[in-house]
Amino acid sequence: MSSFDGSSPLSAYGWDETLNELFLAHRAAGLVPARVAAVDRGLCDVVTESGPGRASAGPLASPGDPAAAPCTGDWAALRPDGPGGRPVLAALLPRRTAIVRSSAARDSRGQVLAANVDTVAVAVPLVPDPDLGRLERLLALAWESGARPVVVLTKADRAASPAGAQADVAAAAPGVEVVACSAATGDGVDAVAAVLSGTVVLVGPSGAGKSTLGNALLGTGALATGEVRASDGKGRHTTVRREMLPLPGGGVLIDTPGLRGVGLFDAGGGLRRAFADIEELAAGCRFGDCAHRTEPGCAVLAAVAGGSLARRRLDSYRKLQRENAWIASRTDARLRAEQRDKWKAVSRWQRRMYKERGRDR
Ligand SMILES: Nc1nc2c(ncn2[C@@H]2O[C@H](COP(=O)(O)OP(=O)(O)O)[C@@H](O)[C@H]2O)c(=O)[nH]1
Ligand SMILES: [Mg+2]
Ligand SMILES: [Zn+2]
């Protein structure tokens, strides 16, 4: 099959003409297309034209840069009969978008949460009160990925004043659609479905109601949900793996485990999008390099004083910018250290070489 006819079983997972074109050479080499649903210690859950299956990530599992390892949402070229007759990933197709977070301490590299996502749905529970700082962080991450963020307010049935909370959230999410729903009563679920398109990933803290909403959108009970501990309002980690399922109205849903403490990674552009209102105000400051602290003619401080910009939001922008800059400096430090190690190895080798030459003479 060399021409795209849209009848591939993978169409429900987002397979399209562009991917088909990209795949022609792989196809000629006897490889088949697969979408990666989940990766766990070098083994992947994949979906292929002949249905779901398992495949080894093979050598792709440990590239030099962990961000290049296969992840949920990746399109891959699969060799159906790899070593031992088992399917193995042979290559990844270029990613259209990638949600990248900073990885665990010490390792200053990015880690990809999901690839080829079109819509990032940030789940914000209305009970307890929305955490605006966390929302802003996730929106920066989402904008940086290249996908379109939307905000889904969950548990509307339990909110005392959903309208007030929705206004606060909207002010923290300029240019982003905000939809409230209750997966418990079904209210607003259709409105949520209407703002989602393509490959959708649900992100947000554990216990936010992501999997419950996912089931309402899917019309199934396919995703595991958990009870929230009464004591602290936190959910148990019930979603152990990322799950990827086609939505009835088109598109694909990826459910994620709760993201706690997700760090920004090289997200300067995403931050500027997430704080577009402040960036716009800043264009009106008297000085081009205004830091919005004590400068005269500062339009940002004027907006804070006038009540049209929340002080909290300016502080939050600063905090996230600092964090992003710190991660960047750490990354540069790692690159410098790597270069230094390489240089050391080179000069060790040179010293040895000169010594040996000296002996030869
Ligand atoms: N009242 C109410 N509870 C909900 C709603 N959605 C989810 N929950 C409850 O919140 C808890 C966590 O839900 P879950 O979907 O597992 O959250 P996740 O960790 O974000 O996937 C479960 O006990 C759900 O029953 C809702 O719309 N209203
Ligand atoms: Mg869940
Ligand atoms: Zn200013």
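In which loop is His292 found? This tour of a predicted model begins with that residue and proceeds from one selection to the next.

**First stop: His292 and the zinc ion**

Select His292. The residue is found in the loop between α7 (276–282) and α8 (299–306). Its relative accessibility is 14%, and because buried means under 20% relative accessible area, His292 counts as buried. Cys298 is buried as well. The backbone of His292 also deserves attention: the residue has a positive phi of about 55° although it is not a glycine. Most residues other than glycine have a negative phi.

Next, display the zinc ion, which is ligand 3, together with the side chains around it. The ion is coordinated by the ND1 atom of His292 and by the SG atoms of Cys285, Cys290 and Cys298, at 2.1 to 2.4 Å. Along the chain, these donors follow the spacing C-x4-C-x1-H-x5-C. Why is the arrangement around the zinc ion (ligand 3) tetrahedral? The four donor atoms subtend angles of 104 to 116°, and four donors count as tetrahedral if all angles lie between 85 and 135 degrees.

**Second stop: ligand 1**

Now select ligand 1 and show the residues around it. There are 18 residues surrounding this ligand, and the closest are Asp157, Gly207, Lys210, Thr212 and Gly226. By character, the shell divides into five nonpolar, eight polar and five charged residues.

Three contacts may be traced individually. For Gly207, select the backbone: one of its N or O atoms lies 2.7 Å from an oxygen atom of ligand 1. For Lys210, turn to the side chain, where an N or O atom is 2.8 Å from an oxygen atom of the ligand. For Ala183, return to the backbone, where a polar atom is 2.9 Å from an oxygen atom of ligand 1. How much of the accessible area that ligand 1 has on its own does the protein cover? The protein covers 87% of the 580 Å².

**Third stop: Asn116 and Pro149**

Move to Asn116, which is found in the loop between β7 (110–115) and β8 (119–125). Is this residue buried or exposed? Asn116 has a relative accessible area of 6%, and is therefore buried. A polar atom of its side chain lies 2.8 Å from the backbone nitrogen of Arg96, so select both residues in order to view this pair.

Then select Pro149, located in strand β9 (residues 148–154). With a relative accessible area of 3%, Pro149 is buried. Add Ala121 to the selection: the two residues are 28 residues apart along the chain, yet their C-alpha atoms are separated by 5.9 Å.

**Fourth stop: two backbone features**

Select Val127 and Pro128. The peptide bond from Val127 to Pro128 is cis, with omega near -10°. Most peptide bonds are trans. Pro128 is found in the loop between β8 and α2 (132–145).

Finally, select Arg41, in the loop between β1 (32–40) and β2 (43–48). Arg41 has a positive phi of about 45° although it is not a glycine. Is Arg41 buried or exposed? Its relative accessible area is 78%, and exposed means over 50%, so Arg41 is exposed. His292, where the tour began, likewise has a positive phi, but that residue is buried.

Conventions
Residues are numbered from 1 along each chain as its sequence is written. Chains are lettered from A and ligands numbered from 1 in the order in which they are written. This is a predicted model: local features need pLDDT of at least 70, side-chain atom pairs count only at pLDDT 80 or more; totals for chains, interfaces and linings use all residues. Side-chain values use heavy atoms; hydrogens and water are left out. Donors are N, O and S atoms within 2.8 Å of the metal (3.2 Å for Na, K and Ca); water is not among the atoms, so sites may look incomplete. Four donors count as tetrahedral if all angles lie between 85 and 135 degrees; four count as square planar and six as octahedral if opposite donors are over 155 degrees apart and all others between 65 and 115; anything else is irregular. Buried means under 20% relative accessible area, exposed over 50%, partly exposed in between (1.4 Å probe, protein chains only). A residue is near a molecule or strand if one of its heavy atoms lies within 4 Å of it. A polar contact is a pair of N or O atoms within 3.5 Å; within protein, one must be able to donate a hydrogen and the other to accept it, and residues adjacent in sequence count only if both atoms are side-chain atoms. Accessible areas come from the Shrake-Rupley method with a 1.4 Å probe; for residues, only the protein chains shown count as cover. Ala, Val, Leu, Ile, Met, Phe, Trp, Tyr, Cys and Pro count as nonpolar, Asp, Glu, Lys and Arg as charged, and the others, Gly among them, as polar. Helices (H or I, at least four residues) and strands (E, at least two) are DSSP runs, numbered from the N terminus.
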